[in-house]
Amino acid sequence: MRDFSYLRATSVDAAREAAALPGAMLLAGGTTLIDLAKCGVTEPDTLVDITHLTGLDRIEVNERGATIGALARMGHVADHADIKSRFPAVSEALWQAASAQIRNMATMGGNLMQRTRCPYFRDPSNFPACNKRQPGSGCSAIGGVTRGHAVLGTSEACIAMYPGDLAVALVAFDAVVHLGERRVSVDDFFLLPGTTPDREHAIELGEMITAIEIPGTAAARRSTYLKIRDRQSYEFAAASAAVGIEFEADGRTIRDLRVALGGVATKPWRARAVEDALKGKVLEPETVRAASLLAVEGAVDHGANHYKIELAPRVVARAILKLGETA
Amino acid sequence: MTKTTIPIHLDINGQHHELQLEPRVTLLDALRDRLAPTGTKKGCDHGQCGACTVHVDGERVLACLTLAAQAQGRAITTIEGLAREGELHPVQAAFLEQDAFQCGYCTSGQIMSAVACIREGHAGSDDEIREYMAGNLCRCGAYPHIVAAVRQAALEVAS
């Protein structure tokens, strides 16, 4: 790991100012940043430690929704009683996202800045070509081992998968990122790779995530996060789904449905086609399975990741049907 | 780049240490290379194996992804800080009794994680123990005995 200078920010404004200088980066839990610095992927000159700022770790939940400070740690949010009862998919996504140790370290804001696990991105010495690391250098993944790469939202420049869980739940429930005064929906916060895969987030120089806001809805209250992995725990998703549902008074007809996918796309992937196909319909296994196929409309595989195109709709269907059973 | 060091004060197992370190030094390297209580192990050094698990302000974290500079002002507990007056911590005793290791390299991380797992109230069943101990890998595959040790220690701590 290349050496850098370290400073502790004393206020949000001081942090933003310091992090806007060339070569500077904000440091929160460090679970991505220190790891990538060791890999030689990120080479900061200065780390601006924001973990000692006070007041940014609050979790406030009321009828309108939840506002979670950027420095609230994943484990605390996952275990928060009101998050568990009003936003079960968010809690479940968080506790399945990482080990207990990492959940104790990693912050909510830092989690949104998590980088891809693409093994080519993570290994600059063996794979110099990576458009995400070095714009214009090419993509080592295309034509390489692609079992863990995205099938949705890819471009000719990049097929790296977005590896997170939290943001999949957030995008399903129309959560909003607070960048100080500026507000950006989580859907807009994550950018498609297109021709600029090096730019992953709609955050500008001098900005800092201060909070995440999740509107309180009936669908968020009846929600779940289903994560399918190669091993039972502590693993990134092969495919995952955040799903929330609200029924009409009859308890069978779908009034509102939220579906988002993880483990298959280049960003947290909202599957509105599935939602639209099922709203107003009675929840029946055959109807749900047929509509869930729409989750992977437009998917493109690169060989070894083809299984995700079959797996993702099944994960979506299973999650929807599981919520139906609790009616 | 010139190697600049900064003063770093660490509170480890109740003892205060004053060090002069490069900012990039992790808590794990500070513990092992500068302070020499080498019970905390370096496995993957990338947050994937849990061998370096220590407690910071009572919560289990990974020393390999924590900068020593960040840990200033926090109370750090390592495996060396568990025993009281020569008496092993109940989790340490349970690991011995259940033979919960083979090569032993992951063991201090397993024990630090288990102490926290029990304290958090996540040792209620074997499945819960497996889930909440999932961040600690054991390449010898001593998992059944590790689960038995955590279960035993949880009962002892509760009684």
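## Chain A, chain B and their contact

Of the 327 residues in chain A, 54% are buried. A buried residue has 20 or more other C-beta atoms within 10 Å of its own, with C-beta atoms placed from the backbone. This is a predicted model: local features need pLDDT of at least 70, side-chain atom pairs count only at pLDDT 80 or more, and totals for chains, interfaces and linings use all residues. Residues are numbered from 1 along each chain as its sequence is written, while chains are lettered from A and ligands numbered from 1 in the order in which they are written.

**Chain A.** Chain A has 13 helices and twelve strands. These are DSSP runs, numbered from the N terminus: helices are H or I with at least four residues, strands are E with at least two. The radius of gyration of chain A is 19 Å, close to the 20 Å from the globule rule for 327 residues, so chain A is as compact as a globular protein of that length. The radius is taken over C-alpha atoms, and the rule is 2.2 Å times the number of residues to the power 0.38. Along the principal axes, the C-alpha atoms of chain A fill a box of roughly 60 × 50 × 35 Å.

Among contacts in chain A with a separation of 6 or more, 64% join residues 24 or more positions apart. A contact means C-beta atoms, placed from the backbone, within 7 Å.

UniProt, in an unreviewed entry, lists residues 1–219 of chain A as "domain: FAD-binding PCMH-type". Such annotations may be inferred rather than shown by experiment. The span is 27% helix and 16% strand, and its end C-alpha atoms lie 45 Å apart.

**Chain B.** Chain B is divided into domain 1 (6–81) and domain 2 (90–158). The bounds come from an automatic or database domain assignment. The contact between them takes 14 residues from domain 1 of chain B and eleven from domain 2 of chain B. On the domain 1 side, strand 3 (53–56) and strand 4 (59–62) of chain B each supply at least two residues. Strand 3 of chain B gives the largest share there, three residues.

**Between the chains.** Here 26 residues of chain B contact 20 residues of chain A. On the chain B side, strand 4 and helix 4 (126–132) of chain B give two or more residues. The largest share, four residues, comes from strand 4 of chain B.

The table splits two contact sides by class. Ala, Val, Leu, Ile, Met, Phe, Trp, Tyr, Cys and Pro count as nonpolar, Asp, Glu, Lys and Arg as charged, and the others, Gly among them, as polar.

| Side | Nonpolar | Polar | Charged |
|---|---|---|---|
| Domain 1 of chain B, touching domain 2 of chain B | five residues | six residues | three residues |
| Chain B, touching chain A | ten residues | nine residues | seven residues |

Conventions:
Buried ≥ 20, exposed ≤ 12 C-beta atoms within 10 Å, placed from the backbone. Contact = placed C-beta atoms within 7 Å.
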